[in-house]
Amino acid sequence: MRDYRYYQSAFAGIPKPFAFVDLDLLEQNAEQIGLQSNGKPIRIASKSIRSVGILKHLLQLDDCFSGLMCFSAPEAIHLCAAGFDDLLLGYPVWEKSWLIALGEQIQQGRSLTLMIDSVSHVEHLEQIAREQGVIFPVCLDIDMSSDILGLHFGVWRSPLRSLEQAVALASRVASSKHLKLDGIMGYEAQIAGVGDRYPRQFFKNSLIRLLKQQSVKEVAHRRAELVKAIGELGISLRFVNGGGTGSLHHTGREDAVTELTAGSGFFSPGLFDYYQDFHFQPAAGFALEIIRKPAEHIYTCAGGGYIASGSAGADRLPKPYLPTGVRLMPNEGAGEVQTPIQYRGMETLQLGDPVFFRHAKAGELCERFSRLYCVSGGKVVEEMTTYRGDGQCFL
């Protein structure tokens with residue numbers, strides 16, 4: 001684990017606030033992610049990274065990292081322009097102008113696969129593909145939520161909840177002259193995206209672990225049955241995608257799955273501190289400048305109100321990281337233009353000194369900053385732009 005003085009020295013002279021990536025810890029996390037994949041290729045979820053430079057760095061680390069899962073059509077176009085290929089759109093696209101732009105990329109030889117989950121998606125894509133004279137590769141997004149004792153354990157994502165629904169839509173795609181069924185995806189968010197090691201929440205953690213155990217078995221069975229049924233239709237899939245960082249160690253063992261997706265684990269944001277089954281290194285964060293000292297042991301930083309998306313709660317706040325022992329003030333949290341923190345540790349903090357924080361969710365850090373200062377071996381070795389630094393704002 002890094003200490004305060006390591007980063008204070010490495011980033012000396014850099015104006016605050018700024019965001020950073022510790023390349024040494026990033027590579028340690030990448031190695032751990034590779035080990036959890038059970039030898040299967042890992043598609044990188046770009047929404048968790050949002051930096052062309054970091055994406056290229058990760059893809060060059062190991063052959064196990066192959067392809068990207070994008071979150072929007074404009075992002076996919078941007079990544080194509082940056083030289084990336086084998087892009088899976090993780091969410092459906094409806095806007096006609098963007099679908100036409102994606103079709104043009106396909107006509108130029110790019111490997112792009114669009115996400116669908118309904119007949120409406122199929123008919124809409126067919127019409128545009130017919131007009132454009134292109135064949136759209138598509139992927140079925142299968143709902144992997146679990147219903148356990150009347151509890152909906154998962155997220156509201158795809159309407160494809162039964163084997164019969166999924167097979168019917170696969171058959172519809174197979175009959176189309178303008179679409180090709182390229183793969184299927186099932187994201188088990190209730191396993192990959194739900195922490196089960198929150199402090200002072202023993203009973204809730206225990207319940208979530210129990211639900212996860214049941215859901216892991218159910219998801220594996222449902223996915224295997226679907227792949228078998230699609231194979232019986234005579235359809236050959238290029239890929240069967242599953243997982244997320246929080247479920248790699250389970251999903252990688254499924255025979256039906258041919259590739260996994262991971263994203264957040266590379267940076268390991270604050271929310272990843274609340275998982276029992278694995279631990280990654282905090283490889284990304286941001287620094288705020290101390291500009292006031294309103295009372296003993298209280299320091300006020302400029303900015304910092306970088307609240308993560310999702311159901312509102314304390315775990316969506318940025319986490320004070322270094323110096324060790326620094327914490328937010330419960331009545332103020334992280335503010336729009338200033339963030340007070342309390343610190344009673346051994347470091348002597350002065351006006352102008354940095355306080356280091358970690359964002360709760362991985363990718364949203366890069367929506368706040370135009371560049372990432374990349375540190376390795378105790379010094380800044382490179383600066384990489386984020387999507388925002390590239391002049392982009394996708395969602």
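1. Two strands are taken as paired if DSSP finds at least two bridges between them. In this predicted model, strand β10 and strand β11 (residues 259-262) reach that count, with two bridges in the parallel sense. Within this pairing, G242 of β10 has L260 of β11 as its bridge partner.

2. On its pairing with strand β9 (residues 179-186), β10 again runs parallel, and here four bridges join the two strands. One position in this pairing is M185, which stands opposite N241 of β10. The strand β10 thus has recorded pairings with β9 and with β11.

3. Which residues of β10 point one way, and which the other? In a regular strand, side chains alternate between the two faces of the sheet. In β10 (residues 239-242), F239 and N241 point one way, while V240 and G242 point the other way. All of these residues are buried.

4. The loop between α10 (248-251) and β11 contains R253. Is R253 buried or exposed? Its relative accessibility is 55%, and because the cut-off for exposed is over 50%, R253 counts as exposed. In sequence R253 lies 216 residues from S37, yet the C-alpha atoms of R253 and S37 are 8.0 Å apart in space.

5. A second set of strand pairings involves β16 (residues 338-342), a strand that is mostly covered, with four of its five residues buried. Strand β13 (residues 298-302) is joined to β16 by five bridges, and the two run antiparallel. In that pairing Y299 stands opposite I341 of β16. Strand β15 also pairs with β16 in the antiparallel sense, over two bridges, and there R327 stands opposite Q342 of β16.

6. Aromatic contacts come next. The count of aromatic pairs is 20. One of them is formed by Y7 and F356, a tilted pair with 5.7 Å from centre to centre and 50° between the planes. This pair links distant parts of the chain: Y7 belongs to helix α1 (residues 4-10) and F356 to strand β17 (residues 354-358), 349 residues apart. Y7 counts as buried because its relative accessibility is 0%, and F356, with a relative accessible area of 0%, is likewise buried.

7. Another aromatic pair joins F286 and F357; this one is stacked, at 5.3 Å centre to centre with 5° between the planes. It too links distant parts of the chain, with F286 in strand β12 (residues 284-295) and F357 in strand β17, 71 residues apart. Both F286 and F357 are buried.

8. Which residues do ring pairs link into a cluster? The members are Y4, Y6, Y7, F11, F18, F20, F356 and Y373. The tilted pair of Y7 and F356 described above therefore has both of its residues in this cluster, given that rings pair if their centres lie within 6.5 Å.

9. Two arginines are placed over aromatic rings. The charged end of R50 sits over the ring of F71, 4.8 Å from the centre of that ring. R358 lies over the face of Y321, at 5.8 Å from the ring centre.

10. R358 appears again in the lining of the largest cavity, together with F267, S268, P269, A284, H359, K361, A362 and L365. This cavity has a volume of about 50 Å³. How many cavities of 30 Å³ or more are there? The count is three. The lining of the largest cavity is made up of five nonpolar, two polar and two charged residues.

11. The second largest pocket has a volume of about 690 Å³. It is lined by 24 residues, of which P199, Y274, A314, K319 and P320 are the closest to its centre. By class, the lining of this pocket divides into 15 nonpolar, three polar and six charged residues.

12. Which strand gives the most to the lining of the second largest pocket? That strand is β14, with three residues. Strands β14 (319-322) and β15 (327-328) each supply at least two residues of this lining. Strand β15 is also one of the partners of β16, as described in point 5.

Key: Residues are numbered from 1 along each chain as its sequence is written. This is a predicted model: local features need pLDDT of at least 70, side-chain atom pairs count only at pLDDT 80 or more; totals for chains, interfaces and linings use all residues. Side-chain values use heavy atoms; hydrogens and water are left out. On a 1 Å grid over the protein atoms alone, a cavity is a set of points where a 1.4 Å probe fits but cannot get out, and a pocket is an open set with protein on both sides within 12 Å along at least five of seven lines; lining residues have an atom within 4 Å of a point. Grid points are joined across faces, edges and corners, and a volume is the space filled by probe spheres set on the points. Ala, Val, Leu, Ile, Met, Phe, Trp, Tyr, Cys and Pro count as nonpolar, Asp, Glu, Lys and Arg as charged, and the others, Gly among them, as polar. Buried means under 20% relative accessible area, exposed over 50%, partly exposed in between (1.4 Å probe, protein chains only). Rings of Phe, Tyr and Trp (its six-membered ring) pair if their centres lie within 6.5 Å; planes under 30 degrees apart count as stacked, over 60 as edge-to-face and the rest as tilted. A charge sits over a ring if NZ of Lys or CZ of Arg is within 6 Å of the ring centre and within 35 degrees of the ring normal.
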